[in-house]
Amino acid sequence: MASNMMRPAFAYTVVYVKDVAKSVEFYSRAFGHNVRRLDESNRWGELESGQTTIAFTPLHQHETDDLTGKVQSTHSACERAPIEVCFCYPDVDAAFKRAVENGAVAVSEPEDKEWGQKVGYVRDIDGIVVRIGSHVKSHAS
């Protein structure tokens with residue numbers, strides 16, 4: 001068994017976007033997150049989202065492109081990025097409505113799924129798919 005010093009905490013999800021400041025403002029408005037920080041260069045922004053921070057950084061930047069490779073973008077609305085951002089809400093319909101009213105593009109209206117979750121999908125201002133859902137209801141035995 002790993003010691004506590006070797007057990008990681010999931011700290012960040014980093015989303016690569018066209019405009020960090022616009023994305024931070026959009027996610028704050030559309031999904032209800034508080035802005036933790038937006039640096040003066042607009043090359044890094046963070047939202048408060050519980051234990052894990054949602055961070056935004058530009059699609060292309062020297063530091064990461066040279067070290068880990070360039071971010072691949074989608075080329076059409078028929079494609080999607082290899083990430084899906086998921087948020088849980090007690091009122092999925094209200095959250096979906098707020099997201100769309102604040103600039104998200106509706107993909108699929110919220111509906112009850114067979115696995116016990118209500119789920120709807122939108123795209124953010126960069127075309128990234130965002131799942132708006134409830135927590136999965138446990139089935140009574």
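Some residues are called exposed, which here means over 50% relative accessible area, while buried means under 20% and partly exposed is anything in between (1.4 Å probe, protein chains only). By that yardstick, E101 and K97 are both exposed.

Before going further, a word on where this comes from. This is a predicted model, where local features need pLDDT of at least 70 and side-chain atom pairs count only at pLDDT 80 or more, while totals for chains, interfaces and linings use all residues. Residues are numbered from 1 along each chain as its sequence is written, and side-chain values use heavy atoms, with hydrogens and water left out.

**Salt bridges**

Now for the charged pairs. A salt bridge is a side-chain nitrogen of Lys or Arg within 4 Å of a carboxyl oxygen of Asp or Glu. Searching the whole structure turns up seven of them. Here are some, including their N to O distances.

| Pair | N to O distance |
|---|---|
| E46 and R36 | 3.8 Å |
| E46 and R37 | 3.7 Å |
| E101 and K97 | 3.8 Å |

Take E101 and K97: both sit in helix α3 (residues 92-101), four residues apart, which is about one turn of the helix. Helices (H or I, at least four residues) and strands (E, at least two) are DSSP runs, numbered from the N terminus. Elsewhere, salt bridges with shared partners tie R36, R37 and E46 into one network.

Where do E46 and R36 lie? E46 is in strand β3 (residues 45-48) and R36 is in strand β2 (residues 34-38), so the pair, ten residues apart, links distant parts of the chain. E46 counts as buried, at 6% relative accessibility. Its partner R36 is partly exposed, with a relative accessible area of 39%, and R37 is partly exposed too, at 40%.

**A charge without a salt bridge**

What about D124, in the loop between β7 (118-123) and β8 (129-133)? D124 is buried yet has no salt bridge. Its nearest side chain of opposite charge (Lys and Arg count as positive, Asp and Glu as negative; His and the chain ends are not counted) is R123, 7.4 Å away.

Still, D124 has other neighbours to look at. A polar atom of its side chain lies 2.7 Å from the backbone nitrogen of D126. Setting aside neighbours within four places in sequence, D124 is in contact (heavy atoms within 4.5 Å) with F26, Y27 and V130.

How values were computed:
Polar contact = N/O pair within 3.5 Å; in protein donor to acceptor, adjacent residues only side chain to side chain.
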